Amino acid sequence: MSITEQLHQQRDAALTQIASAGDLATLESVRVAYLGKKGSLTAVLRGLGSLPPEERPLAGKVSNEVRVALEAALEARRAELSSVALKARIGAEALDVTLPGRSRPVGSRHLIEQIRAEVVDVFLGLGYQIAEGPEVELDYYNFTALNTPPDHPARSLQDTFYVRDLSGERSDIAGESDVLLRTHTSPVQVRVMESQKPPIYALAPGKVYRRDIADPSHLPQFTQIEGLVVDEGITFADLKGTLDHACKAIFGPDRRTRFRPHFFPFTEPSAEVDVSCGICAGSGCRFCKGTGWLEILGCGMVDPNVFGYVGIDPERYSGFAFGMGVERIAALKYDLPDLRVLLEGDMRFLRQF
Ligand code: PHE
């Protein structure tokens with residue numbers, strides 16, 4: 001085969017490979033195979049010097065033409081492949097701004113939180129201020145300073161979660177403890193009166209704990225909202241007016257309230273407040289057990305003995321206090337037959353509110 005034929009054969013083979021190269025890397029390897037330092041065309045060009053002198057001009061011309069042709073073909077294919085690669089990248093990165101956005105479900109406050117906020121709003125509107133106390137409380141605040149002596153049945157192990165020092169480092173509370181989970185929000189009354197001077201208009205929402213087994217009407221952890229007013233000339237009429245207003249604001253203007261005598265160690269006189277049943281409007285139904293009334297809170301005039309613990313002069317000041325259960329309000333407002341749904345986190349129930 002003449003050198004010209006060899007060169008043309010190489011050219012044709014190279015052109016076929018260039019045309020069929022599917023990407024830039026393959027194309028580059030074709031270039032190296034023919035035109036690289038150790039490429040086959042390069043080898044032919046190097047061998048030109050050993051040809052007989054009369055063959056050299058033609059061989060030189062043809063090999064040069066072949067090299068130029070291959071370089072042009074390589075360049076053209078390279079341009080083609082790069083634009084394909086660019087288009088593919090742009091296609092892959094394309095943003096369709098006309099697509100509808102992905103919507104996230106909007107959360108909402110838990111029913112207990114909603115009611116707590118509603119009640120807080122009512123009292124903020126009356127000028128009350130929010131107060132707080134610890135959930136892990138001292139026996140002194142939960143009982144003693146609330147006029148609840150050590151032998152009072154409310155202190156029973158059956159009602160109260162005591163916090164005991166299991167490390168044994170504190171011998172003073174070994175066996176029995178003066179630290180407990182507060183059983184009501186009333187200890188916040190004592191803390192407020194210890195740290196503030198009258199006039200006091202305070203509201204203390206918070207979690208409380210009792211050793212109850214959860215059932216339709218009991219929860220071992222629930223939420224109370226405590227109210228405390230201490231000022232000059234506060235009477236039971238102020239208590240009644242305030243709570244009647246609050247009940248109408250919470251349950252609706254057509255609800256009525258009634259006060260029943262009751263006992264709490266830290267108020268005297270004490271009362272329980274019922275609100276008229278929303279289902280039968282007071283005529284009696286299954287929900288209100290035929291009475292027409294639903295119990296919703298405990299209250300009373302601050303016992304002078306409690307003032308004694310915090311150094312407030314009972315001759316000058318008087319006050320009232322109340323405590324309402326938020327879960328109970330939720331149950332009454334929305335006719336919930338079982339309080340446990342409020343703690344279970346079942347979205348099918350919670351989404352309704
Ligand atoms: N702390 C009482 C309870 O949990 C409620 C209450 C609060 C009663 C304030 C009177 C005054 O039952």
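L138 has its place in strand β2, which spans residues 136-138, and in this predicted model the residue counts as partly exposed because its relative accessibility is 36%. Together with Y140 and Y309, L138 makes a nonpolar surface patch of about 250 Å². The points below go on from this patch to helix packing, salt bridges, cis peptide bonds and residues with positive phi.

**Helix packing**

- Helix α5, residues 111-124, packs with helix α8, residues 236-251, at an angle of about 135°, and the axes of the two helices are 10 Å apart.
- Because the class of oblique takes in angles that are neither under 35 degrees, nor over 145, nor from 65 to 115, α5 and α8 are oblique to each other.
- The crossing in which α5 passes α8 is right-handed.

**Salt bridges within helices**

- The count of salt bridges comes to 18, and the pairs described here and under the next heading are among them.
- E28 forms a salt bridge with R31, with the closest N and O atoms 2.9 Å apart.
- Both E28 and R31 lie in helix α2, residues 24-35, where they are three residues apart, or about one turn of the helix.
- E28 is partly exposed, with a relative accessible area of 36%, and R31 likewise counts as partly exposed, at 27% relative accessibility.
- In helix α4, residues 56-93, R89 and E93 are four residues apart, again about one turn of the helix, and their side chains meet in a salt bridge with an N to O distance of 3.8 Å.
- Both R89 and E93 are exposed, a class that requires over 50% relative accessible area.

**A salt bridge between loops, and a network**

- The side chains of R316 and E232 meet in a salt bridge, at 2.8 Å from N to O.
- R316 lies in the loop between α9 (304-310) and β9 (318-325), while E232 lies in the loop between β5 (221-231) and α8, so this pair ties together parts that are 84 residues apart in sequence.
- R316 counts as partly exposed at 48% relative accessibility, and E232 is also partly exposed, with a relative accessible area of 45%.
- R258, R260, E272 and D274 are joined into one network by salt bridges that share partners.

**Cis peptide bonds and the surroundings of P198**

- P198 and P199 are joined by a cis peptide bond, for which omega is about 5°.
- P198 lies in the loop between α7 (187-195) and β4 (200-209), and P199 lies in the loop between α7 and β4 as well.
- P198 is buried, because its relative accessible area is 15% and the cut-off for buried is under 20%.
- The C-alpha atom of P198 is separated by 8.3 Å from that of I312, although the two residues are 114 residues apart along the chain.
- A cis peptide bond also joins E268 and P269, with omega at about -5°, and P269 has its place in strand β7, residues 267-276.

**Helix α10 and residues with positive phi**

- In helix α10, residues 326-334, the residues V326, E327, I329, A330, A331 and L332 are buried.
- Helix α10 is followed by D335, a residue other than glycine whose phi nevertheless has a positive value, near 50°.
- D335 has its place in the loop between α10 and α11 (341-344), and D335 is partly exposed, with a relative accessible area of 38%.
- N147, which is also a residue other than glycine, has a positive phi near 60°.
- The loop that holds N147 runs between α6 (139-142) and β3 (179-181), and N147 counts as partly exposed because its relative accessibility is 22%, which is above the limit of 20% under which a residue would be called buried.

How values were computed: Residues are numbered from 1 along each chain as its sequence is written. This is a predicted model: local features need pLDDT of at least 70, side-chain atom pairs count only at pLDDT 80 or more; totals for chains, interfaces and linings use all residues. Side-chain values use heavy atoms; hydrogens and water are left out. Patches are made of residues with over 30% relative accessible area and no salt bridge: like charges are joined within 9 Å, nonpolar side chains (Val, Leu, Ile, Met, Phe, Trp, Tyr) within 5 Å. Accessible areas come from the Shrake-Rupley method with a 1.4 Å probe; for residues, only the protein chains shown count as cover. A salt bridge is a side-chain nitrogen of Lys or Arg within 4 Å of a carboxyl oxygen of Asp or Glu. Buried means under 20% relative accessible area, exposed over 50%, partly exposed in between (1.4 Å probe, protein chains only). Axes are lines fitted to C-alpha atoms, for helices over the stretch in contact, and angles run from 0 to 180 degrees between N-to-C directions. A crossing is left-handed if the near helix is turned anticlockwise from the far one by less than a right angle, and right-handed if clockwise.
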